[in-house]
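Grab a notebook and work through a few exercises on cysteines, a loop residue, a pocket and model confidence. Each task comes with a step-by-step solution.

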Amino acid sequence: MNKIPTLIFLVVTWLSSIQCSIQIPILHTKGTYSEVGFDMGKTFKSRIHDYNSKDTEFQKRLMPYITSQEGVSVMDKYLTVVRQYYPQYLDELKGIAAGSEMPFIQIFINSIRNELNAHIDGDWGAESCSDVHVNNAQQFAIGHNEDADPLIKDRAYFVNATIVDKNGNIVENFMAYTYPGYLPGNAFGFTMSGLIMSVNALSPKAFGDQKLPRNYVNRALLAQSTEEDVEKVLLSNGIGGAYAFSCNFADLKRKSRQSVNYEVTSTKMDVSLVSKKTVHLQTSKYDTSLYNTTGHYFHFNKFEHPDTFNIPQFINHTISSIHRRKRAEQLPTPTDIASIRNILGDTGDSIYPIYRTPRPSDNTSTCATAIYDITRCVLSIYTDNPKTASPVLQMPLPNCS
């Protein structure tokens, strides 16, 4: 493995959009898991404190639950599982808590928020994120709307981390859009080995108690270097995942051009159910079928694959997805970056739009839009409507050709 100095470095870059006042900080950091976590917490301490002080879901819903007898038991089970399977990410989380001077318990709760909400009653914030895949002779791309609590929009940040072991060997190297006080990985990002990914929430009624929490599985994806490695993480063989999500993915090193949508959910066995839909080049030999499609593909926050379609979900978490899919299918078929931006920025459905701003029917906000232009090897980030705005940030995609 490559040797690097163990000295930690920390650089913060600020970028702002001409169209809006939102600034996006990027933290460049190198060190052990604990040291990188500490850098995140210390650098973004004010954002983390501000977010947590305004987080009414935590204060009114999660805190009463985790102080109950049932909540304490549930939380302890997840902590035990994480300590056994992903102790390095627990170290990272402890670093975030120490650096931000926040109680560890509060930062840990953020990392198991999906599971806790499912335990309580399934009645939490609206579902989030929309993705558009395009794969034709002229354009290969994935576009992603990061939809979340409006509090995230001007408090999130990018983390460009180089994780090293005690001997200075590089064990992880990634860039990820990160929520304040959260582990990286639950939104969108890429690895320096050439893997790109974005995550869509899914909200089934089923969940696992003594299984791996979703955010830790998401975090582990950033440590992988091949599609096969990613699928091993998604399966979580030996224990299984605690809660569902979808992952949009491409390996930039592949000679055969294809992107993938995974739907992952908890089972009663010691392994997760992982369903895979592959988006092939439009002119390829593949025809649209149960697990393959060509040209373009949409994914929102609803199970859509043949082997997951009938999984029961909380109904209030599928309404917006149904509206967004219907509207996307009414718009011109996406074939290039402009048409991806047109879909992700669409507000034609005034009740449940694709590009989301808080309203009585939908309290979620599109916090950022990421467009992976794989043809040109660049990631463009928007903090305003991508249909009309210019990107606030562009990054070269590594190992892309």
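## Exercise 1: the cysteines

Both Cys377 and Cys400 are buried (under 20% relative accessible area with a 1.4 Å probe and protein chains only; over 50% is exposed, in between partly exposed). Before we go on: this is a predicted model, where local features need pLDDT of at least 70, side-chain atom pairs count only at pLDDT 80 or more, and totals for chains, interfaces and linings use all residues. Residues are numbered from 1 along each chain as its sequence is written, and side-chain values use heavy atoms, with hydrogens and water left out.

Task: work out how the cysteines pair up.

Solution.
- Step 1. Look for cysteine sulfur atoms within 2.5 Å, the cut-off for a disulfide. Searching the whole structure gives one disulfide.
- Step 2. Identify the partners: Cys377 and Cys400, with an S to S distance of 2.2 Å.
- Step 3. Check the handedness. The angle about the S-S bond is -80°, making the link of Cys377 and Cys400 left-handed.
- Step 4. Place the ends. The pair links distant parts of the chain, 23 residues apart: Cys377 is in the loop between strand E13 (365-373) and strand E14 (378-382), and Cys400 is in the segment after strand E15 (393-396). Strands here are DSSP runs (E, at least two residues), numbered from the N terminus.
- Step 5. Deal with Cys129. Cys129 is in no disulfide, and its nearest cysteine sulfur, on Cys367, is 8.6 Å away. Cys129 counts as buried because its relative accessible area is 2%.
- Step 6. Do likewise for Cys367, which is in no disulfide either. With a relative accessible area of 1%, Cys367 is buried too.

## Exercise 2: a loop residue

Task: describe the surroundings of Asn186.

Solution.
- Step 1. Locate Asn186: the loop between strand E6 (170-178) and strand E7 (188-191).
- Step 2. Explain its burial class. Asn186 counts as buried because its relative accessibility is 7%.
- Step 3. List contacts (heavy atoms within 4.5 Å). Leaving out residues up to four places away in sequence, Asn186 touches Glu146, Tyr179, Val199, Arg214, Asn215 and Asn218.

## Exercise 3: confidence

Task: find the mean pLDDT of the protein and a stretch where the pLDDT is below 50.

Solution.
- Step 1. Take the mean pLDDT (the predictor's confidence in each residue, from 0 to 100): 91, with 92% of residues at 70 or more.
- Step 2. Scan for weak spots. Residues 1-9 have pLDDT below 50, and this stretch has 27 contacts in the model beyond near neighbours in sequence.

Technical notes. Helices (H or I, at least four residues) and strands (E, at least two) are DSSP runs, numbered from the N terminus.
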